[in-house]
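Here is a short tour of one structure, from its core to a pair of backbone curiosities. Have the model open as you read along.

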Amino acid sequence: MKNRETREPLVPFNATGEAFAPVARVAKAALERGLYLMTHWNVIIVAPPLTITRDEIDEGIGILDEALSIAYEYAA
């Protein structure tokens, strides 16, 4: 969320170009660290395989946490 009080999303629905930059940057940062995220407009989808191990979950959550720090740069 860009603003938790007003519940304004970080990226508007159906955003493109510069308006989509926060989601694009988060996804790119995650991918550079080995975590593929699916994105659709202002939604980030995490869909691990059913065969994932606990260690892989922990690693993925760590990567996601690092990548989401980028989104905080855009939050009010």
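## Core and backbone

Valine 11 makes a good starting point: leaving aside residues up to four places away in sequence, it touches Ala19, Phe20, Pro22, Val23, Trp41 and Asn42. Keep in mind as you look around that this is a predicted model.

Val11 also leads us to the largest nonpolar core, which has 15 residues. Val11 is among the residues with the most contacts inside this core, together with Phe20, Val26, Ala30, Leu35, Leu37 and Ala67. Two elements, α1 (21–32) and α2 (54–72), each give two or more residues to the core. Of the elements, α2 gives the most, with five residues. As general background, nonpolar side chains in soluble globular proteins tend to be buried together.

Now to the backbone. Arginine 7 lies in the segment before α1, and asparagine 14 lies in the segment before α1 as well. Arginine 7 has a positive phi although it is not a glycine, and asparagine 14 likewise has a positive phi without being a glycine. The table puts their values side by side.

| Residue | Phi | Relative accessible area |
|---|---|---|
| Arginine 7 | about 65 degrees | 60% |
| Asparagine 14 | about 65 degrees | 43% |

How do these two residues stand with respect to the surface: which is exposed, and which partly exposed? Arginine 7 is exposed because its relative accessible area of 60% is over the 50% cut-off. Asparagine 14, at 43%, counts as partly exposed, because that value falls between the 20% and 50% limits.

Methods:
Residues numbered from 1 in each chain as written. Predicted model: local features only at pLDDT ≥ 70, side-chain atom pairs only at ≥ 80, totals over all residues. Heavy atoms only, no water. Core = buried A, V, L, I, M, F, W, Y, C linked by side-chain atoms within 4.5 Å. Buried < 20%, exposed > 50% of the residue type's maximum accessible area, 1.4 Å probe, protein only. Helix = DSSP H or I, 4+ residues; strand = E, 2+ residues; numbered from the N terminus. Contact = heavy atoms within 4.5 Å.
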